[in-house]
Protein chains: 2
Amino acid sequence: MEWTREKRYLPYSKWNAEELLDLQAEAANSDYQMRYHLRPISGLINDPNGFSYFNNEYHVFYQSYPFGAVHGLKSWVHFKSNDLVHWTNLGLAVKPDTKTDSHGAYSGSAKEINGKLFLIYTGNHRDQNWIRTPYQISAWMDKNGKVEDKKVLFKNPDNITEHFRDPQILEKDGNYYAILGAQDKAQKHGHIDVWKSSDLENWEELGFLNFSDEEMGYMIECPNLVQVDGHPTLIFCPQGLDKSIADYQNIYPNMYVTGSKIDFEQCQLTNPSKLQNFDDGFDVYATQAFNMPDGTAYAISWIGLPDTTYPTDKENWANCLSQVKKLSFKDGKLLQQPVDAIKTLRRNEENVDGQTIKENTTGQYELKIKIKPNQAGTLYLAANNDLSQNIALKFDTKQGQLILDRSKAGKVSVSYGETRQIALEGNSELDLDIFVDHSVIEVFVNNGEHVMTGRFFTNPDCQRIIFDHEIDYTGKFWNMESTM
Amino acid sequence: MEWTREKRYLPYSKWNAEELLDLQAEAANSDYQMRYHLRPISGLINDPNGFSYFNNEYHVFYQSYPFGAVHGLKSWVHFKSNDLVHWTNLGLAVKPDTKTDSHGAYSGSAKEINGKLFLIYTGNHRDQNWIRTPYQISAWMDKNGKVEDKKVLFKNPDNITEHFRDPQILEKDGNYYAILGAQDKAQKHGHIDVWKSSDLENWEELGFLNFSDEEMGYMIECPNLVQVDGHPTLIFCPQGLDKSIADYQNIYPNMYVTGSKIDFEQCQLTNPSKLQNFDDGFDVYATQAFNMPDGTAYAISWIGLPDTTYPTDKENWANCLSQVKKLSFKDGKLLQQPVDAIKTLRRNEENVDGQTIKENTTGQYELKIKIKPNQAGTLYLAANNDLSQNIALKFDTKQGQLILDRSKAGKVSVSYGETRQIALEGNSELDLDIFVDHSVIEVFVNNGEHVMTGRFFTNPDCQRIIFDHEIDYTGKFWNMESTM
């Protein structure tokens, strides 16, 4: 089947229900499907949207195209949770059903305001000549999940191209602010544009946020500001960023800077740090974070990348969201840690030792190990007997190095490299908290100083976990309960 | 909208995907929706089908009509589990896609045979004059959930009317047997018809099962034989049963008899007990049970009844399945108990005492209490402040009586009575393990000697639990985690 433009933007009402039920069953039955990560009910998902706390529950939406593994006509699908681990699927929430979001209800954010959930997102409109207009739209969701009262708030100002999207709603000192990804018309550079409103209806542009002296490539997507233990932290996706500014290997990076203070009125993040990769693996993008009323910061990421194909495309579904990560600051470092409630998924705890950790897993587990200092070796996961298939963690606790290697992990894109590497302190113990969910691996390194996330596609029956030789370590293994 | 015959039997491909997505969201967002019971993804569900153990996992399907709260064109929707509590939705599995199941892939059963799951079900066919032919059909499901190789095995023999359905596959002494609900042509009475095959392809009728001297009304649905601690136990749904034979109040009962021995060749259940209600509440029907390889017996029920409407019909969804119940025999009594893994859903354990147990629940909880002997009173659940809305348990531990009263539990059918009553031993402690899931209550009485199950529809904000006066009891309360 050819994914023509016409087909990708066909209204949902022109697809038939049997096709959708078949696509839902196909996604659900895949051996590569995630069972404790938020996954597509059918088709393709991308950015998390509207990650928030409302009516005493956590909420998250994701960008969804229900009819195949392509970026077609997008909508928001809604999930809620009491613990950030067990999610209830509440289904399609924001539809592309007005003229101003006719070609997609694109990414945005949410915040509880006066007992309702305020949504702000980008409506993607194309005219007959396929000229795009991005509308920034608000809507309100009530406690029964009903989204209504869509209203266009503003369009791209004259100095910004059609690349103007992904509003994040923020509140400070009694005013509302929105930050958006933008491309200026003059130089075609990426920016974060700041807007202000006192009533959520009338908005004025304050200008581009000053957070770096460097040029941010040709576009910034998904800007997201969150307070982490008092540090304003700006997470964003620069596209076309020069690698001399910040090193990265993915097609587009998901980066962050921290500062000492955010001043929206002056469009200033004070004392910005240098750019750093938010995740040190292969497939994290469009991370969205928010602060709880008590200040706790939680983040969730799209595991997937723009302009990238994956093997499950041929099964008509693609991508997932990451587990929720709790953000904190320690010794000047941003830490990302699993939320406590993830432990409620653990079943059948085992202490593990020896060269072979498991001969046969279910593909759905947590492995937490501490590797003693001054050793080098390889931990193979999702491996077969002759190790011709595996996803590998190559560690050196003398020099201080960790490599995630998916060169033997099935048909994943090789254009952007098959390994990701991080430097660690030498002569030190290495703490790895590894979460595997069929075709996703998330490795929390040294209590969250780094996270390495990746998709992998070894054969589903490759389920060994084994070191390449005897290693001095301690560890625990759990099967993880399904939540999806 | 009028549910014409044409509309109810419209092929799934004639509905549009947006309608289905809307129906799925509407069902998911309902305040009355179940969160730890198997519930409709959209539309109406009824009988559990194919409850079985296959490929080291538990499987169950349910009868589904995805497009509204009516009995339209039925299919099977598939779920699997590792623990009988956390279920993974695998979507549409058996479709009405051949001539012989053109008007519904009706109820049936499943059993692992030679590394695949053998399915047997009733294909419902109607001709142009709306004359019905029931075909008994087999199919095979592989480990990836793919159902194929549909084959018609047999039709109703000359002495049986079009009411011939719900085959259960059984194996004994190297032969396969199927038992089916049937109505004879001569007298229009209900029967259980026994069939035999050595190869699952060629089948011969052995005749009606002899398990009672009484007439079983005009039809028997959903016959199900299971071994419970060595006692062959026949669970079935007689329609039109004379109440002098066995007392019941529901429109149609779900009953069981036990015997000392089952002899399929002689069509004989030896030493049958009298008929007893499987559940002592309002809404249990079509219970399906099976034996694990080690003999353990598990049962699951439809919570819902034929020819009955519920308030959520106007939200376009209806019914759910019960929690899984472990069956055992003790002192000549059939016991039904929650499975151990249900405890993994418990959160926030509290000891409870006093007249008021909770002022405000989430509608999703387990309450386990022991009421001391020689007391009478009422426990109100899902109650509001003035108790004008509630579902009530009226107990008398002196005389030995328990009543489930839903007369103030919202708009539920009153035609078949608003209370259900059981007799208990007098002067004895009463042990109640009460599971509430928004609009479902399941009360396990005295460690499973009785189960009282019912739907209720008090306003969603009615969330008090309170006794009518001070009662001498001990108890524990847990919030229950969502699984759906």
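The legends below describe close-up views of a predicted model.

**View 1. The N-terminal domain span of chain A.** UniProt lists residues 37-338 of chain A as "domain: Glycosyl hydrolase family 32 N-terminal", in an unreviewed entry. Strand makes up 57% of this span and helix 0%. The C-alpha atoms at the two ends of residues 37-338 lie 13 Å apart.

**View 2. An edge-to-face aromatic pair in chain A.** A pair of aromatic rings is described by the distance of the centres and the angle of the planes. The count over all chains comes to 58 aromatic pairs. One of them joins A:Y256 and A:F278. Their ring centres are 6.3 Å apart, and the planes stand at 90°. The geometry is edge-to-face. A:Y256 sits in strand β15 (residues 255-258) of chain A. A:F278 sits in the loop between β18 (276-277) and β19 (284-291) of chain A. The two parts are 22 residues apart in sequence, so the pair ties them together.

**View 3. The C-terminal domain span of chain A.** For residues 348-467 of chain A, the unreviewed UniProt entry gives "domain: Glycosyl hydrolase family 32 C-terminal". This span is 53% strand and 0% helix. Its end C-alpha atoms are 22 Å apart.

**View 4. An open antiparallel sheet in chain A.** Strands of a sheet pair through backbone hydrogen bonds, either parallel or antiparallel. In this sheet the pairing is antiparallel. Its 6 strands run in the order β26-β35-β28-β29-β30-β31 (chain A). The edges are β26 (356-358) and β31 (419-423) of chain A, each paired on one side only. From one strand to the next, the twist averages 15°.

**View 5. The β28-β29 pairing in chain A.** Strand β28 (residues 376-383) and strand β29 (residues 391-396) of chain A are joined by 6 bridges. The sense is antiparallel. A:G377 stands opposite A:F395 of β29(A).

**View 6. An open antiparallel sheet in chain B.** This sheet has 6 strands, in the order β25-β36-β27-β32-β33-β34 (chain B). The pairing is antiparallel. Strands β25 (346-352) and β34 (450-455) of chain B form the edges, and each pairs on one side only. Neighbouring strands are turned by 15° against each other on average, direction ignored.

**View 7. The β25-β36 pairing in chain B.** β25(B) pairs with strand β36 (residues 473-480) of chain B over 5 bridges, in the antiparallel sense. B:N351 has B:K476 in β36(B) as its bridge partner.

**View 8. The largest cavity, lined by chains A and B.** Rolling a probe the size of a water molecule over the atoms shows where empty space is left. The model has 8 cavities of 30 Å³ or more. The largest cavity has a volume of about 690 Å³. It is lined by 39 residues. Closest to its centre are A:I41, A:N89, B:Q24, B:I41 and B:N89.

**View 9. Make-up of the largest cavity's lining.** From chain A, α2 (17-29), β2 (57-65), β3 (75-81) and β4 (87-94) each supply at least two lining residues. From chain B, α2 (17-29), β2 (57-65) and β4 (87-94) each do so too. β4(A) gives the most, with 6 residues. By residue class, the lining divides into 23 nonpolar, 14 polar and 2 charged.

Definitions and conventions: Residues numbered from 1 in each chain as written. Chains lettered and ligands numbered in written order. Predicted model: local features only at pLDDT ≥ 70, side-chain atom pairs only at ≥ 80, totals over all residues. Heavy atoms only, no water. Pairing = 2+ DSSP bridges. Helix = DSSP H or I, 4+ residues; strand = E, 2+ residues; numbered from the N terminus. Axes fitted to C-alpha atoms, helices over the stretch in contact; angles between N-to-C directions. 1 Å grid on protein atoms, 1.4 Å probe; cavity = no way out; pocket = protein on both sides within 12 Å on 5 of 7 lines; lining within 4 Å. Points joined across faces, edges and corners; volume = space filled by probe spheres on them. Nonpolar A, V, L, I, M, F, W, Y, C, P; charged D, E, K, R; others polar. UniProt positions renumbered as here; feature names shortened; annotations may be inferred. Phe/Tyr/Trp six-rings, centres within 6.5 Å; stacked < 30°, edge-to-face > 60°.
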